[in-house]
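Here is a friendly walk through a structure you may not have met before. Take a look at it first, and then we'll go through it piece by piece.

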Amino acid sequence: MSLTIKIKAEQGASKRVSLNGRLDTITAPELEAELDTLVSEPVQLVVFDMTDLEYISSAGLRVIFKATKAMKAKGGKTGILKMQPQIKKVFDIVKALPDVPIFKNDDEMDDYLNHMQQQVLDDQ
Amino acid sequence: MHNRHQLQITNRLTELEALQDALQQYCEQHAIDRDVAGELMLVAEELVVNIINYGYQDHSEHKIDIAFSCNARQLSICFSDDAKPFNPLSQHDPELGLPSEEAAIGGLGIPLIRRLSDAQHYEYKEGHNIFTVSKNFG
């Protein structure tokens, strides 16, 4: 099994990174390269859509952590949309990223994006 | 332990695929539950990647011997390598649960190996690290 990565623009300066398949030692470098590029763009929120992510190892976690740190360093954020139970178990074991929001479904994510948009407008 | 299957890989990360395929096949042959197989895959990946990344000081090719065995209750994987003496579980877990700015990026494989397997055994014998990991299934 391999990894398919799809990047799609969402509302505001947000991007959805959909991961389909396995994120392991072999496939992680490809995601890392994509994320290095993505983070350098004017993006405020990167949401990892893990609906179809079947497997994640520490190599995969490392890439997600790295992107989260990079986003935070530039005043942005990451989020996660939908984790399959075996993925959630891995995150729970390493107590990964307690400060990253996890959206159970698209509605929750859209609410968050709307809220973010509103905050930007309020601040202006 | 019966139903033994052995394979040998070299110390290159691309060899992980060979291990994955062999373990996948072995689990299917022995009708191992998908979730259990997935967790075993993860433990195996973390262990073999540790060996490949940290075991060798030289740039030579080394062989890693891997054996699967199982009975009605348990599946075991044994890794044997001639890297420098190293027990992956002798390392402390990195601090877990830190916010992203402070979170450790490395060492996350160790808690995964511990929590996703039921027994682990390490010995250094005749110039080889021998690490055996077992997982129970219903």
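A residue is called buried when its relative accessible area is under 20%, exposed when that value is over 50%, and partly exposed in between. By that yardstick A:Lys8, with a relative accessible area of 48%, is partly exposed. Keep in mind that what you see is a predicted model.

**Chain A on its own**

Let's start with the overall build. Chain A has four helices and six strands, and from the N terminus on they run β-β-α-β-β-α-β-α-β-α. Its radius of gyration is 14 Å, close to the 14 Å that the globule rule gives for 124 residues, so chain A is as compact as a globular protein of that length. Along the principal axes, its C-alpha atoms fill a box of roughly 45 × 25 × 25 Å. Buried residues account for 48% of the 124 residues in chain A. If you take the contacts in chain A between residues at least 6 apart in sequence, 70% of them join residues at least 24 apart.

**A charged network around A:Arg16**

Is A:Arg16 buried or exposed? At 10% relative accessibility, it counts as buried, since that is under the 20% cut-off. You'll find A:Arg16 in strand E2 (residues 14–23) of chain A. Setting aside residues up to four places away in sequence, A:Arg16 touches several others, including A:Ile7, A:Val47, A:Leu81 and A:Met109. Its side chain also makes a polar contact with the side chain of A:Glu10, at 2.8 Å.

A:Glu10 is buried too, with a relative accessible area of 16%. It forms a salt bridge with A:Lys8. Step back a little and a network of salt bridges appears, linking A:Lys8, A:Glu10, A:Arg16, A:Asp49 and A:Asp106.

**Salt bridges side by side**

Side chains of opposite charge can pair when their charged atoms come close. Over all chains, the structure holds 15 salt bridges. Here are some of them, with their N to O distances:

| Pair | Distance |
|---|---|
| A:Glu10 and A:Lys8 | 3.4 Å |
| A:Asp92 and A:Lys88 | 3.0 Å |
| A:Lys104 and A:Glu108 | 3.6 Å |
| B:Glu39 and A:Lys89 | 2.7 Å |

A:Asp92 and A:Lys88 both sit in helix H3 (residues 85–93) of chain A, four residues apart, about one turn of the helix. A:Asp92 is partly exposed at 44% relative accessible area, and A:Lys88 is partly exposed at 41%. In the pair of A:Lys104 and A:Glu108, A:Lys104 is exposed at 64%, while A:Glu108 counts as partly exposed at 29%.

**Where the two chains meet**

How much area do chain B and chain A bury between them? The figure is about 2,200 Å², with 63% of it on carbon and sulfur atoms. B:Ser100, B:Ile105 and B:Leu108 supply 26% of the area that chain B buries against chain A, more than any other three residues. The contact takes in 29 residues from chain B and 23 residues from chain A.

Between the chains there are 14 residue pairs in polar contact, counting pairs with both residues at pLDDT 80 or more. The elements giving two or more residues to chain B's side of the contact are its helices H1 (16–29), H2 (34–54) and H3 (109–116). The largest share, seven residues, comes from H2(B). By class, chain B's side has 15 nonpolar, seven polar and seven charged residues. The count of salt bridges between chain B and chain A is one, and it joins the side chains of B:Glu39 and A:Lys89.

Definitions and conventions: Residues are numbered from 1 along each chain as its sequence is written. Chains are lettered from A and ligands numbered from 1 in the order in which they are written. Side-chain values use heavy atoms; hydrogens and water are left out. Contact means heavy atoms within 4.5 Å. Buried area is the accessible area (1.4 Å probe) that two parts lose on being put together, summed over both. A salt bridge is a side-chain nitrogen of Lys or Arg within 4 Å of a carboxyl oxygen of Asp or Glu. A polar contact is a pair of N or O atoms within 3.5 Å; within protein, one must be able to donate a hydrogen and the other to accept it, and residues adjacent in sequence count only if both atoms are side-chain atoms. Ala, Val, Leu, Ile, Met, Phe, Trp, Tyr, Cys and Pro count as nonpolar, Asp, Glu, Lys and Arg as charged, and the others, Gly among them, as polar. The radius of gyration is taken over C-alpha atoms; the globule rule is 2.2 Å times the number of residues to the power 0.38. Buried means under 20% relative accessible area, exposed over 50%, partly exposed in between (1.4 Å probe, protein chains only).
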